[in-house]
Amino acid sequence: MSFLSLLDPGPEAGLAALLASSFLSATLLPGGSELVLAGVLALRPEQLVAALTLATLGNTLGGMSTWALARLLPGKADTGRLAWVRHHGAPILLLSWVPVIGDALCAAAGWLRLAWLPCLLWMAAGKLLRYALVAFAVL
């Protein structure tokens, strides 16, 4: 066993870091889960399915936590932008991966009390597509 092998945390550590990074980057905290995904896949391309699954899961759970927190806020009159989100409904969450506006869309969906299951499914679909594009670019 070499000294460098002692420093390698193993394949599970990369996946755990990816899950944590993807969750945190879907909240208001800045994050670079795409870079973590790219790193995991560059080192261990055989973990493609697990990495896509965990990145999508973490990022979706982070988005849904924003949705849930916004749902706790008292409702007030819709502004023009909120009316736009209400008009498009849960499918607008396909864009929940977009930096800056994605967090706002998740919060708006929660504040508008859009149903959780369609929000979860549309959000997960958008985030999976984004991570699949990153994986395609890396592999």
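T60 touches L120, M123, A124 and K127, leaving out residues up to four places away in sequence. This is a predicted model, and in it T60 sits in helix α4. Is T60 buried or exposed? With a relative accessible area of 5%, T60 counts as buried, because the cut-off for that word is under 20%.

Let's stay on the same helix. M64 also belongs to α4, which covers residues 48-71. Which residues does M64 contact once its neighbours within four places in sequence are set aside? They are W116, C119, L120 and M123. Take L120: along the chain, M64 and L120 are 56 residues apart, yet their C-alpha atoms are separated by 6.8 Å. L120 turns up in the contacts of T60 as well, and so does M123.

L57 has its place in α4 too, but its surroundings are another story. Here are three residues of the helix side by side:

| Residue | Relative accessible area | Class |
|---|---|---|
| T60 | 5% | buried |
| M64 | 10% | buried |
| L57 | 42% | partly exposed |

L57 is partly exposed because its 42% falls between the 20% and 50% cut-offs. On the surface, L57 joins L19, F23, L24, L29 and L61 in a nonpolar patch of about 480 Å². Two elements, α2 (11-25) and α4, each give two or more residues to that patch. The largest share is from α2, with three residues.

Now for the inside. In soluble globular proteins, nonpolar side chains tend to be buried together. Here the largest nonpolar core has 17 residues, and the members that touch the most others are V85, L93, A109, L112 and C119. Which elements give two or more residues to this core? Helix α4 is on the list, along with α5 (80-88), α6 (101-111) and α7 (116-138). The largest share, five residues, comes from α6.

C119 is a handy one to follow. Apart from neighbours within four places in sequence, C119 is in contact with M64, W67, A90, L93, A109 and L114. That brings us back to M64, whose own contacts include C119. Two of the other partners of C119, L93 and A109, are also among the core members that touch the most others.

There is a second core as well, separate from the one above. It has 11 residues, among them V40, L41, L52 and V134.

Definitions and conventions
Residues numbered from 1 in each chain as written. Predicted model: local features only at pLDDT ≥ 70, side-chain atom pairs only at ≥ 80, totals over all residues. Heavy atoms only, no water. Helix = DSSP H or I, 4+ residues; strand = E, 2+ residues; numbered from the N terminus. Buried < 20%, exposed > 50% of the residue type's maximum accessible area, 1.4 Å probe, protein only. Contact = heavy atoms within 4.5 Å. Patch = residues over 30% accessible without salt bridge, like charges linked within 9 Å, V, L, I, M, F, W, Y side chains within 5 Å. Areas by Shrake-Rupley, 256 points an atom, 1.4 Å probe, with all protein chains shown as cover. Salt bridge = Lys/Arg side-chain N within 4 Å of Asp/Glu carboxyl O. Core = buried A, V, L, I, M, F, W, Y, C linked by side-chain atoms within 4.5 Å.
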